[in-house]
Amino acid sequence: MAPFRRAATWTYFLTAFTMSTLAVTMLLGMYRDRLLEQPDPYYCRALFHNGEWSPSVLNGIKKWEPKGCRMVEYSRDGILDCMSGRKIILAGDSTIRQIFFAVTKKLDSRLPETEVKDTLASNEKHKDLSFKADDIEVEFVWDPWLNSTALKNTIQKFHAGPASPTEGTVVEKDEPSIGLIILGAPGLWAARYGGDDYLDIFKRGVDDVIPYLSSSLDDSMELSVSSARYSPGPGNQIVLAPVQVPEYKNLSIGRSKTITPNRIHELNDYLAQLSPHQFSHVPWVYNQMTSDPEGFRADGLHVSDSIAAHKLDIVLNARCNAAGKARKRSFKGTCCVGEPRNLLYLLALMIWMVTTIFRSWSICFFSMKRQSSLQAELVRAGDVIASTLVFCWFCDGGSDVGKMERHYQQNDFIRISLLWLVASIFTSRKNRQIDEPLLLANEFKWNPPGYRGPGYLSRNHSDEIKGLMQGFILLYHYHYASQTLWVYKIIRLFISGYFYLSGYGHTLYLMKTENFSLRRVAVVLFRLNFLSAILPYMMGTDYSSYYFASVITFWYLVLYGMLRFFGRYNRDLRWLITKVVATAILTDWLTSTPGILEAIAKALNIIFGMSWNAQEMRFRLRLDRYVVFVGVVVAALVHNASIQRARIILPLGHTRSTHTPSSMLLLNIVCAAGIMVFLYTTQFNFYEKQRYNQIHPFVSWVPILCFVVLRNSHHVARQAYLALPAALGKISLETYVLQYHIWLGGDATARLTLGLWEGR
């Protein structure tokens with residue numbers, strides 16, 4: 001009993017340490033703003049004041065990335081969803097007119113470029129412009145001094161903050177209300193034409209609009225989140241663009257005499273002295289964006305069309321992100337987004353606090369010995385489940401933890417992958433099952449007499465391989481290595497390896513125990529699906545988001561039905577292989593025929609209220625539609641050979657191998673050659689992901705079988721296992737599901753950050 005008590009004690013203390021770590025992480029996240037000098041609870045400040053261009057270029061397009069949050073590029077549909085029935089007002093000089101044209105191009109991509117050029121080349125280019133798409137009106141007011149009567153009347157009628165489409169601005173009948181105003185600070189014209197009074201002229205123009213910037217973006221967010229009447233979000237907003245810092249070397253001679261660095265710096269310095277509330281309305285990143293080498297046009301004053309579109313997206317993210325997040329959980333924007341209410345989160349948090357206090361009290365007073373094992377396990381289970389749900393929501397559902405875009409850096413990915421491999425090798429341990437063959441023989445009471453155990457692939461070795469692959473898969477997702485085809489092919493092989501091991505393990509268990517009871521099925525289904533079934537309620541996702549659990553469940557049910565049907569003939573390899581072939585043909589037809597999976601998805605939705613993406617499941621199931629059956633056949637061969645003590649090519653049991661060194665050497669050479677030929681063929685002949693996916697189901701089992709044979713081909717290798725990946729392999733399914741919200745964010749599409757070590 002002593003070893004058991006020591007193990008139990010260590011389990012309690014390890015659990016307590018884990019929970020304490022989670023609690024500290026949550027406290028750091030919640031008090032991040034107090035630790036930093038500039039609080040930014042909704043990441044509105046990050047959106048307007050701090051960002052950089054992405055280090056990697058996707059499809060030849062650079063992305064602007066605010067620090068600590070994710071910005072989205074708004075399309076026509078996104079703008080229509082946000083600004084439907086509203087009016088967008090832009091007022092200022094030609095730099096603001098560029099943003100006006102960016103709006104029109106997003107709303108109508110068919111707008112001829114010549115029409116824009118003609119407008120700019122005409123003698124009346126300094127005029128007001130208007131545009132309408134569906135029920136959205138866009139107006140540009142030519143007012144480079146910000147002192148026109150029309151602009152003053154518009155601003156006076158404007159109401160900032162949360163508002164429904166029918167209120168917020170005093171308007172005439174049938175006139176749409178104003179949802180967004182973008183003003184350009186009158187700096188360039190003041191510097192160019194203001195003479196020695198340029199600063200006073202600039203101040204007068206800015207001072208006229210400052211009173212309408214009294215409420216900060218964060219205050220608007222808090223007001224809207226606390227209001228239950230309207231969708232959360234800052235609502236109607238006025239944005240004051242800073243003075244554009246030009247590319248001085250390309251300015252014309254006339255402009256360069258008056259638009260000087262000292263003047264532009266002095267003008268922007270006045271804006272920088274605004275109060276914190278007013279300062280929050282100034283998107284200073286406009287001038288950071290022009291650090292791009294291709295940021296300006298040839299005149300050095302106007303930015304490129306791409307920069308103008310990014311300027312527009314900055315403002316739209318501030319105005320529309322919160323509403324977009326409220327409408328759709330999968331919305332990727334996290335800048336200027338409030339934390340939605342979640343009663344399940346509060347309930348889970350209360351349960352976690354109660355169970356943590358109870359467990360801490362039990363450990364401190366050593367009262368666990370006096371509690372019933374059932375009571376202790378229930379408390380521990382409640383503690384783990386509640387803390388998992390709480391931490392998932394804290395990391396990915398709320399706004400305390402920031403989300404950042406991922407970028408693939410090949411050197412970093414290879415370096416950390418090698419580190420994981422080396423760290424795993426240094427945790428090599430002796431396999432106790434090798435030293436104690438009777439332990440495995442008595443592990444299950446159903447073992448037949450003389451059973452020598454699965455020497456081909458022990459439980460420790462199976463967990464080791466699962467964990468080793470899972471470690472690489474987690475790093476693959478974290479480093480966004482899916483953008484590189486050669487890495488994708490290897491990781492795709494690892495996932496197939498998991499399905500092979502799953503088919504092998506379940507088949508070996510069922511053939512060894514003949515335990516086809518519904519209780520066993522319920523236990524397996526609960527283990528496979530509990531997390532992916534409960535997380536949608538907490539996170540607002542759907543069951544098919546965690547596709548791996550549903551795919552592995554599908555294959556388990558197929559495997560169970562196949563072995564259960566005429567189960568008494570399972571030890572007859574001819575009958576078993578016939579069932580395997582028939583089942584493979586049936587599942588191939590089932591997953592390829594349109595309408596069948598859709599009918600299953602509809603039934604699940606009606607009965608359980610479960611959302612299931614049939615198209616996505618069809619793609620996932622067909623990628624690995626044969627490797628599971630290879631695992632079934634191998635498990636049957638190993639099981640029969642272990643019972644009959646047959647001499648087959650694979651070493652079995654815990655007895656000394658009966659094979660000659662030359663035969664084992666030949667086997668190793670064949671397997672090593674098989675892996676190398678597979679890698680060479682797939683890496684140098686299939687340059688498109690779709691083409692590789694077509695041949696993957698037919699060949700994935702070859703390197704998997706070869707690797708497992710090499711792993712256990714020598715008695716020294718069979719006597720050891722890697723403890724670190726083996727520990728991860730025991731919870732590989734759980735880590736795969738939880739990576740969506742804890743290892744990564746945004747449903748596994750973004751990195752998580754507290755911003756404590758990155759200046760944000």
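The exercises below deal with the nonpolar cores, one loop residue and one surface patch of a predicted model.

**Exercise 1. Cores**

Find which residues have the most contacts inside the largest nonpolar core, and which helix gives the most to this core.

Solution.
- Step 1: The largest nonpolar core has 96 residues.
- Step 2: Inside this core, the residues with the most contacts are Y456, F499, Y500, Y504 and W555.
- Step 3: Helix α22, spanning residues 485-513, gives the most to the core, with 14 residues.
- Step 4: Another core lies apart from the largest one; it has 54 residues, including C82, L107, F140 and A318.

**Exercise 2. T484**

Place T484 in the chain and decide whether T484 is buried or exposed.

Solution.
- Step 1: T484 sits in the loop that runs between α21 (459-478) and α22.
- Step 2: The relative accessibility of T484 is 14%.
- Step 3: Buried means under 20%, so T484 counts as buried at 14%.
- Step 4: With neighbours within four places in sequence left aside, T484 is in contact with Y408 and Q410.

**Exercise 3. A nonpolar patch**

Identify the residues that make the nonpolar surface patch of about 410 Å², then classify L421 by its relative accessible area.

Solution.
- Step 1: I414, L418, L421, I425 and W486 make the patch.
- Step 2: Helix α18 (residues 410-425) gives the most to the patch, with four residues.
- Step 3: L421 belongs to helix α18, and its relative accessible area is 31%.
- Step 4: Partly exposed covers the range between the buried limit of 20% and the exposed limit of 50%, so L421, at 31%, is partly exposed.

Definitions and conventions: Residues numbered from 1 in each chain as written. Predicted model: local features only at pLDDT ≥ 70, side-chain atom pairs only at ≥ 80, totals over all residues. Heavy atoms only, no water. Core = buried A, V, L, I, M, F, W, Y, C linked by side-chain atoms within 4.5 Å. Buried < 20%, exposed > 50% of the residue type's maximum accessible area, 1.4 Å probe, protein only. Helix = DSSP H or I, 4+ residues; strand = E, 2+ residues; numbered from the N terminus. Contact = heavy atoms within 4.5 Å. Patch = residues over 30% accessible without salt bridge, like charges linked within 9 Å, V, L, I, M, F, W, Y side chains within 5 Å. Areas by Shrake-Rupley, 256 points an atom, 1.4 Å probe, with all protein chains shown as cover. Salt bridge = Lys/Arg side-chain N within 4 Å of Asp/Glu carboxyl O.
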